[in-house]
Amino acid sequence: MGITIKDVSKAFGNFPAVKNVNLEIPTGDFVALLGPSGSGKTTLLRLIAGLEGLDSGGIFFNDKEYTYKTIKERNVGFVFQNYALFKHMTIFENVAFGLNVKPRKTRPSKNEITEKVNELLKLVQLEHLATRYPSQLSGGQRQRIALARALAVEPEVLLLDEPFGALDAKVRQELRHWLREIHQRLNITTIFVTHDQEEALEMADTVVVMNQGQIEQIGSPEEVYQKPANAFVYSFLGRVNEFRDSKMSEAISYIRPHEIVLRKFLQGNSILSEVSHIHIIGSTVRIELRRQDTGALFEAEMSIDQYQSMTPVKRGDILFAEFKNIIVFDHHKENKLAHGGKIGIRNSLKSKLI
Ligand SMILES: Nc1ncnc2c1ncn2[C@@H]1O[C@H](COP(=O)(O)OP(=O)(O)OP(=O)(O)O)[C@@H](O)[C@H]1O
């Protein structure tokens, strides 16, 4: 099922939660709605589901107008963060629920329902838990059952609102892979909401970056990361250092920590910087430094192997920092001005930065 969102707006009282959003989702796409808290992701998802009525614009499923169709008519499956399984029903009954409540005319037979539920439990790899109750399951298992339940009615669109938000990092990671695999197998048009950029970049075919009720950029994970449309997208999609060019200028320069090379000797165009903190996080090392010229703090990142090859590096050491890929945005216009690094940044800026 392909989905078209055309000029959709939705306000709560005076507050515009979604503003003139346009979005085209082809059949079978796996889309992440990514943005900070309050950017309108959930509202947009609820508008697509029909859980919320829009103020203006239109929603089309396979080019047919669905703007005023009911939730039922839209045939979408939902998974929310808080599982929402029925506590008094077994896992089997939970998954069967959507089929059991179908009107008699369209309801499958008892045998068909049993077969379907078993098939779904197999898909989510939890057949052995069919007779248990939700309270006897882990958070990750409950979330898989929530997905099986959503899939039971054979939805043409699957909507997930921060489905793994409440789970710990390891389980979240497992479920991400697992959901990707299920999507590849079933190929249902899937839209999920997340504020976690890593989750969006890792899972989605298409990332929709939202901010203040509007779409900032739509693209593949690679596109939004490598070719951010503006400073917001760039900053939101990873760790970033910000350097103001001058108080008078609207231009701000950005560089990602892993694009800064630290050395103990002078090479290339480097800035003398003093180490203020060293954080070793598993296989990654983040080093906080203070520029000797401007006094600004920044962060560089390297692998533990690179760090160890430089050792010993300690607090107070003076290192040479080479900024490999500076990107400059006009803060006022939110437009990208120029790329740094090999591409070369504007000379006037370059001289002030490096
Ligand atoms: N029912 C409502 N009544 C009033 N305001 C609402 C309602 N639902 C959402 N809002 C407001 O609309 C804005 C967008 O909310 P929404 O839940 O869509 O954001 P979000 O990007 O999903 O945020 P989060 O990641 O925190 O869930 C927020 O400022 C929110 O306070």
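Biologist: What percentage of the 354 residues in the protein chain is buried?

Modeller: Happy to help, and please keep in mind that this is a predicted model. A residue counts as buried if 20 or more other C-beta atoms lie within 10 Å of its own. Among the 354 residues of the protein chain, the buried share comes to 33%.

Biologist: Thanks! How many helices and strands does the protein chain have?

Modeller: The C-alpha atoms of the chain fill a box of roughly 80 × 45 × 35 Å along the principal axes. Of its contacts with a separation of 6 or more, 62% join residues 24 or more positions apart. As for secondary structure, the count is 11 helices and 19 strands.

Biologist: Which element gives the largest share of the shell around the ligand?

Modeller: There are 13 residues around the ligand, and Phe12, Ala17, Ser37, Thr42 and Thr43 come nearest. Two elements give two or more residues to this shell: β2 (15-25) and α1 (41-49). By class, the shell holds four nonpolar, eight polar and one charged residues. The largest share, three residues, belongs to α1.

Biologist: Lovely. How are α5 and α6 oriented relative to each other?

Modeller: A pair of packed helices is described by the angle and the distance between their axes. For α5 (residues 139-152) and α6 (residues 169-186), the axes come within 10 Å and cross at roughly 25°. Angles under 35 degrees count as roughly parallel. The two helices α5 and α6 are therefore roughly parallel.

Biologist: And which residues of α6 meet α5?

Modeller: The crossing of the two helices is right-handed. The residues of this contact divide into two nonpolar, three polar and one charged. From α5 come Gly139, Gly140 and Gln143, and they meet, in α6, Val171, Glu174 and Leu175.

Methods
Residues are numbered from 1 along each chain as its sequence is written. This is a predicted model: local features need pLDDT of at least 70, side-chain atom pairs count only at pLDDT 80 or more; totals for chains, interfaces and linings use all residues. A residue is near a molecule or strand if its C-beta atom, placed from the backbone, lies within 6 Å of it. Helices (H or I, at least four residues) and strands (E, at least two) are DSSP runs, numbered from the N terminus. Ala, Val, Leu, Ile, Met, Phe, Trp, Tyr, Cys and Pro count as nonpolar, Asp, Glu, Lys and Arg as charged, and the others, Gly among them, as polar. A residue is buried if 20 or more other C-beta atoms lie within 10 Å of its own, exposed if 12 or fewer, and partly exposed in between; C-beta atoms are placed from the backbone. Two residues are in contact if their C-beta atoms, placed from the backbone, lie within 7 Å. Axes are lines fitted to C-alpha atoms, for helices over the stretch in contact, and angles run from 0 to 180 degrees between N-to-C directions. Angles under 35 degrees count as roughly parallel, over 145 as roughly antiparallel, 65 to 115 as roughly perpendicular and the rest as oblique. A crossing is left-handed if the near helix is turned anticlockwise from the far one by less than a right angle, and right-handed if clockwise.
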